[in-house]
Amino acid sequence: MSDRESGDEQPQGQGKPTDNSGVQELATKTLHIQSKRFYLDVKQNWRGRFLKIAEVGAGGTKSRLTLAMSTALEFRDHLVDFIAHYTQLGPPNPDNPPEDGRLKSEMIKKDNRRYYLDLKENNRGRFLRVSQTINRGPRTHIALPAQGLVDIKNALTEILDEFGTEDGGEVEQELPEGRHIRVDNKNFYFDIGSNHRGVYMRISEVQPRSQYRTFITIPEKSWPRFRDIFSDYCDRKPSSHDGEGSLAGSKD
């Protein structure tokens with residue numbers, strides 16, 4: 001197990017901000033289980049401390065869960081029960097598979113988040129599927145090979161012993177991934193961020209040769225109005241689509 005890499009692939013010094021929203025990375029642990037890597041990152045923002053668990057597959061695909069520290073403790077305690085149940089199972093029986101592939105299930109509820117823990121079995125083996133749902137938000141999940149549950153439980157125990165189980169506030173909000181489009185010779189980036197004032201969208205225009213960047217920042221409460229204005233212009237279908245205008249903003 002290594003403590004040097006981060007689930008965000010951006011190693012940082014302890015306690016240093018990792019992005020413009022002021023999120024600090026306090027510690028990270030890396031586990032290599034079968035063909036996958038798992039990162040357990042302890043982070044902190046103005047709301048308090050939280051844990052991110054990232055799964056990176058052999059092809060580089062990445063899935064993440066975000067847990068409050070108190071939820072991480074509850075998750076660790078459930079892992080103890082899942083490990084005990086797994087060790088008592090006999091070898092898989094392909095002639096009598098479990099219904100829906102499920103061997104044991106539990107659920108954790110924290111504020112507007114729910115975490116579904118399902119020990120499952122398929123033709124590739126047994127694994128613990130952990131799904132996270134958020135009200136009006138995306139559903140994400142990771143799959144932990146059953147053979148690695150003890151390692152993950154031990155890593156969580158070390159993290160909780162060092163950083164405690166106090167949340168200190170609301171867990172970091174799960175934000176959508178950034179988007180990018182290219183129009184003629186320009187690149188436009190749409191990035192979602194958050195700070196103490198709330199969620200915002202930053203739209204950046206980048207010139208390909210000079211890499212000169214301008215941007216605007218749009219608060220979340222204004223998104224519906226911007227959408228309505230864009231929709232109105234699209235519905236009008238102007239005869240010319242070749243006009244260009246630089247986005248007003250600041251130099252990055």
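Hi everyone, let's start with the sheet: four strands in the order S6-S7-S8-S9, open rather than closed, with antiparallel pairing. Strand S6, residues 102–110, and strand S9, residues 140–145, are the edge strands; each has a single partner strand, so one side of each has no neighbour in the sheet. From one strand to the next, the twist averages 15 degrees. Please keep in mind that this is a predicted model.

As a reminder, strands of a sheet pair through backbone hydrogen bonds, either parallel or antiparallel. Here, S7 (residues 113–122) and S8 (residues 125–134) run antiparallel and are joined by 10 bridges. If you'd like one pair to find on screen, take Asp-118, whose bridge partner in S8 is Arg-129.

Now, what packs on the sheet? That's helix H1, residues 69–88, which touches S6, S7, S8 and S9. The direction of H1 makes about 170 degrees with that of S6.

On to the interior. The largest nonpolar core has 31 residues, and those touching the most other members are Leu-40, Leu-51, Phe-75, Leu-117, Leu-128, Val-130 and Leu-144. Which helix gives the most to this core? It's helix H2, residues 149–163, with 7 residues.

Let's zoom in on Leu-144. Leaving out residues up to four places away in sequence, Leu-144 touches three phenylalanines, Phe-38, Phe-75 and Phe-127, along with Leu-128, Val-130, Leu-149 and Ile-152. Two of the residues just named, Leu-128 and Val-130, are also on the list of core members with the most contacts.

Finally, there's a second, separate core of 5 residues, among them Ile-192, Val-199, Met-201 and Ile-203. Thanks, everyone!

Key: Residues numbered from 1 in each chain as written. Predicted model: local features only at pLDDT ≥ 70, side-chain atom pairs only at ≥ 80, totals over all residues. Heavy atoms only, no water. Pairing = 2+ DSSP bridges. Helix = DSSP H or I, 4+ residues; strand = E, 2+ residues; numbered from the N terminus. Axes fitted to C-alpha atoms, helices over the stretch in contact; angles between N-to-C directions. Contact = heavy atoms within 4.5 Å. Core = buried A, V, L, I, M, F, W, Y, C linked by side-chain atoms within 4.5 Å. Buried < 20%, exposed > 50% of the residue type's maximum accessible area, 1.4 Å probe, protein only.
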